[in-house]
Each structure stands twice: as structure tokens, then as C-alpha cells.
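The following exercises are to be worked with the sequence and the structure in view. Each task is followed by a solution in steps.

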Amino acid sequence: MHLGQQLRKYIEKNYSTKSDFARAIDCSPQLLHSYMRRENIKYSTITRIARKMGMEAADLMALLSACE
């Protein structure tokens, strides 16, 4: 399972809608959808998402890898 799929599983498990998560990380639903389709997401993007969620990038990566 690639990183985008892990992100989608995390969102589906922890948020009522993908739009809610997009608002939480201050991005458009379209941009979030593009992240979920990617096999690889830039580290800078992971860092930005993690900061918006109030955590470190390594913590977010651990959460996503647990979603496999």
C-alpha cells in the first residue's frame, strides 16, 4: 500500500469526511485528493500536514504506516 492510500485510510478512520480533514490542514479537497492518489508524497508536504495536525513528521509517518 502506498503512502497516499495510507493517508486515505487514516482520514476515513479518524474524520467524518475528507473535506473535514482538508479544512483541518488548510488545503483544498482537490489538493487532498491528489495527495491520496500519489505513491510518494514530498517530505515537505508531510511536514506541513503534520504541523497543521500539531505533531512532528515522524509521528505522522508512524500513524500512516499503522494504517496498513
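**Exercise 1. Packing of H4 and H5**

In this predicted model, the axes of H4 and H5 approach to within 8 Å and cross at roughly 95 degrees. Classify the mutual orientation of H4 and H5, and identify the residues through which they meet.

*Solution.*
1. Two packed helices are described by the angle between their axes and the distance between the axes.
2. Angles of 65 to 115 degrees count as roughly perpendicular. The crossing angle here is roughly 95 degrees, and H4 and H5 are therefore roughly perpendicular to each other.
3. On the H4 side, the contact involves Tyr43, Ile46, Thr47, Ile49 and Ala50. Their partners in H5 are Ala57, Leu60 and Met61.

**Exercise 2. The buried face of H1**

Determine how the buried residues of H1 are arranged about its axis, and state what covers them.

*Solution.*
1. Helix H1 spans residues 3-14, 12 residues in total. From first to last C-alpha it reaches 16 Å, close to the expected 16 Å.
2. Its buried residues are Leu3, Gly4, Gln6, Leu7, Tyr10 and Ile11.
3. Viewed down the axis of H1, these residues fall within an arc of 160 degrees, so they line one face of the helix.
4. An α-helix has 3.6 residues a turn, so residues three or four places apart point the same way.
5. The cover over the buried residues of H1 includes H2 (18-24), H3 (29-37), H4 (43-52) and H5 (57-65).
6. Glutamine 5 also belongs to H1, but it is partly exposed, with a relative accessible area of 27%.

**Exercise 3. An aromatic cluster**

Describe the geometry of the ring pair formed by tyrosine 15 and phenylalanine 21, and compare the burial of tyrosine 15 with that of phenylalanine 21.

*Solution.*
1. Three aromatic pairs are found in the whole structure. One of them joins tyrosine 15 to phenylalanine 21, with 4.9 Å between ring centres and 70 degrees between the planes.
2. Planes over 60 degrees apart count as edge-to-face, and this pair is accordingly edge-to-face.
3. Phenylalanine 21 is buried, at 0% relative accessible area, whereas tyrosine 15 is partly exposed, at 25%.
4. Ring pairs link both residues with Tyr10 into a cluster.

**Exercise 4. A positive phi angle**

Locate aspartate 26 and characterise its backbone and exposure.

*Solution.*
1. Aspartate 26 lies in the loop that connects H2 and H3.
2. Its phi is near 60 degrees, a positive value in a residue other than glycine.
3. With a relative accessible area of 56%, aspartate 26 is exposed.

Note on methods. Residues numbered from 1 in each chain as written. Predicted model: local features only at pLDDT ≥ 70, side-chain atom pairs only at ≥ 80, totals over all residues. Heavy atoms only, no water. Phe/Tyr/Trp six-rings, centres within 6.5 Å; stacked < 30°, edge-to-face > 60°. Buried < 20%, exposed > 50% of the residue type's maximum accessible area, 1.4 Å probe, protein only. Helix = DSSP H or I, 4+ residues; strand = E, 2+ residues; numbered from the N terminus. Expected span 1.5 Å × (residues − 1). Arc of directions from axis to C-beta. Contact = heavy atoms within 4.5 Å. Axes fitted to C-alpha atoms, helices over the stretch in contact; angles between N-to-C directions. Parallel < 35°, antiparallel > 145°, perpendicular 65-115°, else oblique.
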